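This briefing sets out selected features of the structure shown below, grouped by topic for use at the bench. It begins with the ligand and then turns to the elements and individual residues of the fold.

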Amino acid sequence: MDLCVIEGDGIGHEVIPAAVRVLKIVAPDVITRKAEAGWDCFEATGSPLPDDTLRLALECSAVLFGAAASPSYPVEGYYVPVVRLRRELKTYATLRPTRYLPVPTARAGVDLLVVREATEDLYIGHEHTEDEGRTGVSEKVITREATENVTRKAYEMAVKTNRKKVTIVHKASVLLQSDGLFRRVALEIGANYPQIKTEELLVDTAAYWMVKDPTRFDLILTPNLYGDILSDMAAAWGGGLGLAPSLSLGSSAALAEPVHGCAPDIAGQGISNPTAAIMSIALLLRHHWERFEAADRVESAIRSTLEAGYHTIDINPEGAVSTMRFTDEVCARLG
Ligand code: NAI
Ligand code: MG
């Protein structure tokens, strides 16, 4: 079993080594193989995702990715590496769970899973300008194939993890061709799972409920962009971005990554929260490698470390410990 490890930029260099340390304890047979991607890599090599990295990622059983810094303006030759990686690996379903963890910033009773389509929608990168730069155009593409794949994965996850309800989130009332197709196909596939209740919500209404009462949701199935936004909203109920893990799955590949970015405001200080990255390893162990016992060990070590009051600065600046110290405490509790 081998894992391609890409730290990326900023706090990726802090949280990914912490996650690898935990993995080496619970699954010592996994071979880790390091590769480069991201903004610093682009500056050094001219590519945000060099061919060698892509080759290694495709070869390995799974990928662990930190985060990449991406500018909010076009840079010749640059693209968001993880968006391309999800497409190349064909990991069409991103799982982003939010479950209560014992920190004062989390809301008790929240236990929801956002399943986000991860290979298309507005993120395909088909963009151009018209009218001498006075008009910007980004294409939104939804296909039957990707929608079928992500919907099947969502319902399989619902069955496997004993969830009762799937909420299909879209804006088909306005985007008749793209979200309309997503809605139709998702409802069609969902009908094959009569044991799961299916409902639908427009994305703006879903955002309202996410703020008002997140316990209303069990599993949310949604296209790429809405999933990106709604899962960050959900992360706030889970205690913050520093605690939010994710796993993208396809038919054979898997990509584990924290939901957060490279956090340039705190990078390099050794104070970032490694929980999201470590919990992403737990997702990988559970849902891709099916090593349930190892996944349980990681999750309960995180839980008991937080219960003992150890926390990083994002949870509470008072009494905060470093990334390294927090990871030491997690490792000591792995049993
Ligand atoms: P961000 O997630 O990097 O940071 C948002 C806020 O949360 C910051 O105040 C940060 O300090 C805090 N934070 C995030 N993770 C934390 C952790 N583990 N521990 C403690 N505090 C944490 O999002 P932002 O600021 O919008 O983006 C920064 C850069 O990251 C941008 O260049 C963006 O493009 C990139 N990004 C990359 C992603 C990826 O590669 N998957 C995902 C999201 C953003
Ligand atoms: Mg995001």
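An oxygen atom of ligand 1 lies 3.0 Å from a polar backbone atom of Ser70. The protein covers 68% of the 800 Å² of accessible area that ligand 1 has on its own. The model is a predicted one, and every value in this briefing is computed from it.

**Ligand 1 and its surroundings**

- Ligand 1 is surrounded by 21 residues, and the closest of them are Ala68, Gly261, Ala263, Asp265 and Asn273.
- Gly261 also offers a polar backbone atom, which is 2.7 Å from an oxygen atom of ligand 1.
- From His260 it is a polar side-chain atom that approaches the ligand, at 3.3 Å from a nitrogen atom of ligand 1.

**Helix 3**

- Helix 3 spans residues 51–59, and its buried residues are Thr53, Leu54, Leu56 and Ala57.
- Viewed down the axis of helix 3, these buried residues fall within an arc of 165 degrees, so they line one face of the helix.
- Asp51 and Asp52 are exposed on the other side of helix 3.
- The cover over the buried residues of helix 3 includes strand 1 (2–8), strand 2 (31–35), strand 3 (62–67) and helix 4 (81–89).

**Strand 3 and its partners**

- Of the 6 residues of strand 3, 6 are buried, so this strand is largely enclosed by the rest of the structure.
- Strand 3 pairs with strand 1 in the parallel sense, over 5 bridges.
- Within that pairing, Leu64 in strand 3 stands opposite Val5.
- Strand 3 is also joined to strand 12 (residues 254–258) by 2 bridges, and these two strands run parallel.
- Val63 has Leu255 as its bridge partner in strand 12.

**Strand 4 and its partners**

- Strand 4 covers residues 93–99 and is mostly covered, with 5 of its 7 residues buried.
- Strand 4 pairs with strand 5 (residues 111–117) in the antiparallel sense, and 7 bridges make up this pairing.
- Glu117 in strand 5 is the residue opposite Ala93.
- Strand 4 is joined to strand 11 (residues 245–249) by 3 bridges, and the two run antiparallel.
- Ser248 in strand 11 is the residue opposite Thr94.

**Cys60 and Asp2**

- Cys60 is found in the loop between helix 3 and strand 3.
- With a relative accessible area of 8%, Cys60 is buried, because burial is assigned under 20%.
- Cys60 and Leu3 are 57 residues apart along the chain, yet their C-alpha atoms are separated by 5.7 Å.
- Apart from neighbours within four places in sequence, Cys60 is in contact with Asp2, Leu3, Cys4 and Arg33.
- Asp2, one of these contacts of Cys60, is placed in strand 1.
- Asp2 counts as buried at 18% relative accessibility.
- A polar contact of 3.0 Å links the side chain of Asp2 to the side chain of Arg33.
- When residues up to four places away in sequence are not counted, Asp2 touches Ile31, Arg33, Cys60, Ser61, Ala62 and Trp289.
- Arg33 therefore appears among the contacts of Cys60 as well as among those of Asp2, and Asp2 and Cys60 touch each other.

**His311**

- His311 has its place in the loop between helix 10 (292–307) and helix 11 (323–332).
- His311 is buried, with a relative accessible area of 11%.
- The side chain of His311 reaches two backbone oxygens, that of Asn316 at 2.9 Å and that of Glu318 at 2.8 Å.
- Leaving out residues up to four places away in sequence, His311 touches Asn316, Glu318, Gly319, Ala320, Val321 and Phe326.

Terms used:
Residues are numbered from 1 along each chain as its sequence is written. Chains are lettered from A and ligands numbered from 1 in the order in which they are written. This is a predicted model: local features need pLDDT of at least 70, side-chain atom pairs count only at pLDDT 80 or more; totals for chains, interfaces and linings use all residues. Side-chain values use heavy atoms; hydrogens and water are left out. Buried means under 20% relative accessible area, exposed over 50%, partly exposed in between (1.4 Å probe, protein chains only). Helices (H or I, at least four residues) and strands (E, at least two) are DSSP runs, numbered from the N terminus. The arc is that of the directions from the helix axis to the C-beta atoms. Contact means heavy atoms within 4.5 Å. Two strands pair if DSSP finds at least two bridges between them. A residue is near a molecule or strand if one of its heavy atoms lies within 4 Å of it. A polar contact is a pair of N or O atoms within 3.5 Å; within protein, one must be able to donate a hydrogen and the other to accept it, and residues adjacent in sequence count only if both atoms are side-chain atoms. Accessible areas come from the Shrake-Rupley method with a 1.4 Å probe; for residues, only the protein chains shown count as cover.
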